[in-house]
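This report describes the fold and the interior of one protein chain. The reader is invited to keep the sequence and the model in view while reading.

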Amino acid sequence: MCYDADAVPPVPAPTDRQSVQAGPLTLTSGDGTEFAAFLALPAHSTGPGVLVLPDNRGLSGFYRQTATRLAEHGHPALALDYFGRTAGGDPEKRAPEFGEMPNLLPHLLALTPDGLDADLTAGIDRLRATGAPEVVALGFCFGGRQAFRTAAPRFGLAGAVGFYGYPDAINGSPGPTQLAAGLTAPILALWGGADESIPPATVAAFDAALTAAGCPHIFMNYPQAPHNFFELGAVEHSDAARDAWQRLLDFLAGPGRPRPV
């Protein structure tokens, strides 16, 4: 689990922030499934669109606020929910207990790579429909794992950013480390050095796999930070959160993205 229901992104509004039009919408996946999303559009787009991929609890206030903060910086941003096929299209109508693991687990186990890819593609297509010249994926925890997967050419993204996305295989299902040979888009990966759920050896193996594949990437490790350090309530890790946010903005700006050699 990553963020509680009342978690807030540690991102101040920019001094020159743009006005933003934001609200929920329903998208239709390639297999006909309707699922929930949240779209935030700046008055004037000044950078790539951002596909925001939540943790395993799905679309929550943290991700709506993150999308809005990105739009204030000129990035059209769309956050999506994963559970349209099993829990209905409106996360706001789910009971608060939905996010607890005993209730959430059946929905997580029902997710498939094909279904996830179809939903991600629908979100990417909607961002492109806003006129965004490029799209970058940004994910957290479970969403970070999915963001790394979107570096595959079939998604056509300009880059992928993952906060503490577990990269190794899970229950025999290949993760980004095993899929690294097919990843090509630039990757920015942000890790908590005190994250007990992602050991340093696991991060190192992903780094080595991307290097062997020739996939351009930057790994940032914050030595004392835990798994979910990017959160307003984690005040003791505010320096790490501030640095991570700036690195994300630099990556989105283009020159901060690693380039193939």
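The account below moves from the whole chain to its strands, its core and some single residues.

## The chain as a whole

The structure is a predicted model. The chain contains eight helices and eight strands. Its C-alpha trace spans about 45 × 40 × 40 Å along the principal axes. The radius of gyration of the chain is 17 Å, which agrees with the value near 18 Å that a compact globule of 261 residues would have. Of these 261 residues, 56% count as buried. Contacts may also be sorted by the distance in sequence between the partners. Among the contacts in the chain with a separation of 6 or more, 74% join residues that are 24 or more positions apart.

## Strand S4 and its neighbours

Strand S4 covers residues 77–80. In which sense does S4 pair with strand S2, and over how many bridges? Strand S2, residues 34–42, pairs with S4 in the antiparallel sense, and four bridges join the two. Within this pairing, Ala40 stands opposite Ala77 in S4. Strand S3, residues 49–53, pairs with S4 in the parallel sense over three bridges. Here Leu51 stands opposite Leu78 in S4.

The side chains of S4 alternate in direction: Ala77 and Ala79 point one way, whereas Leu78 and Leu80 point the other way. All four of these residues are buried.

A helix also belongs to this part of the model. Strand S3, helix H1 (residues 61–72) and strand S4 together form a β-α-β unit, and this unit is right-handed. Helix H1 contains Thr66. Thr66 is buried, because its relative accessibility is 2%, below the limit of 20%. Apart from its neighbours within four places in sequence, Thr66 is in contact with Pro9 and Leu138.

Leu80 of S4 is also among the contacts of Asp119, a residue of helix H4 (residues 113–129). Beyond its neighbours within four places in sequence, Asp119 touches Ser29, Phe35, Leu80, Tyr82 and Arg85. Asp119 counts as buried at a relative accessibility of 3%.

## The nonpolar core

The largest nonpolar core has 81 residues, and Phe163 and Phe230 touch the most other members. Helix H8 (residues 238–253) gives the most to this core, with eight residues. What does Phe163 contact when its neighbours within four places in sequence are left aside? Its partners are Leu138, Gly139, Phe140, Cys141, Gly144, Leu190, Phe229, Phe230 and Ala244. Phe230 is thus itself one of the contacts of Phe163.

## Cysteines

How many disulfides does the structure hold? The number is zero. For Cys2, the closest cysteine sulfur is that of Cys141, at 4.4 Å, and this is too far for a bond, because the two sulfur atoms of a disulfide must lie within 2.5 Å. Cys2 counts as buried, with a relative accessibility of 6%. Cys215 is buried as well, with a relative accessible area of 3%.

## The loops around helix H6

Strand S6 (159–163) is joined to helix H6 by a loop that contains Tyr164. Asn171 lies in the loop between S6 and H6 too. Tyr164 has a phi near 40°, a positive value in a residue other than glycine. Asn171 is likewise not a glycine, and its phi is positive at about 50°. Is each of these residues buried or exposed? The table gives the answer.

| Residue | Phi | Relative accessibility | State |
|---|---|---|---|
| Tyr164 | near 40° | 0% | buried |
| Asn171 | about 50° | 78% | exposed |

On the other side of helix H6 (176–179), a loop leads to strand S7 (187–192), and Ala180 lies in that loop. Ala180 counts as buried at 1% relative accessibility. Leaving aside its neighbours within four places in sequence, Ala180 is in contact with Ala209, Leu210 and Ala213. Thr130 is 50 residues from Ala180 along the chain, and 30 Å separate the C-alpha atoms of the two.

Terms used: Residues are numbered from 1 along each chain as its sequence is written. This is a predicted model: local features need pLDDT of at least 70, side-chain atom pairs count only at pLDDT 80 or more; totals for chains, interfaces and linings use all residues. Side-chain values use heavy atoms; hydrogens and water are left out. Buried means under 20% relative accessible area, exposed over 50%, partly exposed in between (1.4 Å probe, protein chains only). Two strands pair if DSSP finds at least two bridges between them. A crossover is right-handed if, with the strands pointing away from the viewer, the path from the first strand over the helix to the second runs clockwise. A nonpolar core is a set of buried Ala, Val, Leu, Ile, Met, Phe, Trp, Tyr and Cys residues joined through side-chain atoms within 4.5 Å. Contact means heavy atoms within 4.5 Å. The radius of gyration is taken over C-alpha atoms; the globule rule is 2.2 Å times the number of residues to the power 0.38.
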